Amino acid sequence: MIEVKKVTKVYGRKQHAFKALNNVTFTIPDGASVAIVGKSGSGKSTLMHVMSGLDRPNQGSITVDGVNILGLKEKEIDSFRSKKIGFIFQSFFVQANESVSDNVSLPLEIAHVPLSRRKEKIKQALESVELLDKLDSKARSLSGGQKQRLAIARAIVNNPSIIFADEPTGNLDSITGAKIEDLLFDYNKNKGATLIIVTHDEELAAKTDIQIFIKDGKVEAIKDRLTIKKTKRKAKS
Ligand code: ADP
Ligand code: MG
C-alpha cells in the first residue's frame, strides 16, 4: 500500500517559490492500476518523483508498505528504489551508447544482484517486451517504440512491486502506444504489481482502477472503482 499524506512540494525560494504540490492526500492499495491525470504543469511528474523517492517534498509523509520513505537516508532510499520500484520516464530515457543488454543490467547492478543471476533476468525481461533479438544492439539503433520497450524491460527486470510510468505513450504513434500500454497492464495483472501511470489520455485513464485528477498541484477528484466494487459486494452480502 502507498499512503500519500498532506504532501506539499515547493520549488524555488522566497519570491520565486512555487507550490507544485499542495496538501496532496490519497491511498493506493497493492496491485491497483492508477492513472494520475491533469493538464501540463499541474504537478503530475512532481508527484511521481516524490512518491518514488526521486525527490523530497517539503511537507507531508509518504509511506510505502508501512515504511515512511521520507525517514530513510539517501543510501536507504536508493536501495528501496532498486528493490521495489521500476520507473519509466516521459522521454525514452536510455543510455544510447550502451548495448540493450547493458541498459537492462543497470538496475540489477544497483540492487547488487549477483552476476551469475543477471543474464537470465535480462533475457527474461527482454523476452517479455519482445526485444530479445536486440540484446547486443546499441540502444541508439532502436526506434522510439523499441526504446520505450527497452525502458520497460529495464523497469521490470528486478521484479518491482510498483511501476511508475510518466506519460509512457506520449511520444508514440497510437499502435505503438497501445502495445506499450498492453505490456504495462500485463505486468500489473500477471505479477500483481501496482501500476501508476501519468497520462492526459482519457481513454488510457479509463482503463485503470483508480483515477487521481490533479489541478494546480491539488487533488481535484479521485475515481476509485475498487472501492465502489467493494462497497457493492458488502451491500449484497
Ligand atoms: P506535469 O508533469 O503535470 O506537467 P510538473 O510536475 O512537471 O507538471 O511541474 C509542475 C509545476 O512545477 C510546473 O509549473 C513546473 O514548471 C514546475 N516545476 C517542475 N519542476 C521544477 C523545478 N525543478 N524547478 C522549478 N519549477 C519546477
Ligand atoms: Mg510531466
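K44 is buried, everyone, with a relative accessible area of just 5%. Keep in mind that we're looking at a predicted model. So where does that lysine's charge go? Side chains of opposite charge can pair when their charged atoms come close. Here, K44 meets the side chain of E167 in a salt bridge, 4.0 Å from N to O. The two sit in distant parts of the chain, 123 residues apart: K44 belongs to helix α1, while E167 is in the loop between β7 and α6. E167 is buried too, at 12% relative accessible area.

Let's move on to the other pairs. The search of the whole structure turns up six salt bridges. One of them joins D65 and K84, with the closest N and O atoms 2.6 Å apart. D65 lies in the loop between β4 and β5 and K84 in helix α2, so this pair ties together parts 19 residues apart in sequence. D65 counts as partly exposed at 34%, and so does K84 at 26%.

Then we have K207 and E181, at 2.7 Å, N to O. In this pair K207 is partly exposed, at 45%, whereas E181 is buried, at 9%.

Now for the nonpolar side. The largest core has 34 residues, and those touching the most other members include I88, L150, I152 and L184. Several elements give two or more residues to this core, among them α3, α4 and β8, but the largest share, six residues, comes from α5. Take I152 as an example: leaving out residues up to four places away in sequence, I152 touches I88, V129, I180, L183 and L184. There's also a second, separate core of 30 residues, including V34 and L70.

How values were computed
Residues are numbered from 1 along each chain as its sequence is written. Chains are lettered from A and ligands numbered from 1 in the order in which they are written. This is a predicted model: local features need pLDDT of at least 70, side-chain atom pairs count only at pLDDT 80 or more; totals for chains, interfaces and linings use all residues. Side-chain values use heavy atoms; hydrogens and water are left out. A nonpolar core is a set of buried Ala, Val, Leu, Ile, Met, Phe, Trp, Tyr and Cys residues joined through side-chain atoms within 4.5 Å. Buried means under 20% relative accessible area, exposed over 50%, partly exposed in between (1.4 Å probe, protein chains only). Helices (H or I, at least four residues) and strands (E, at least two) are DSSP runs, numbered from the N terminus. Contact means heavy atoms within 4.5 Å.
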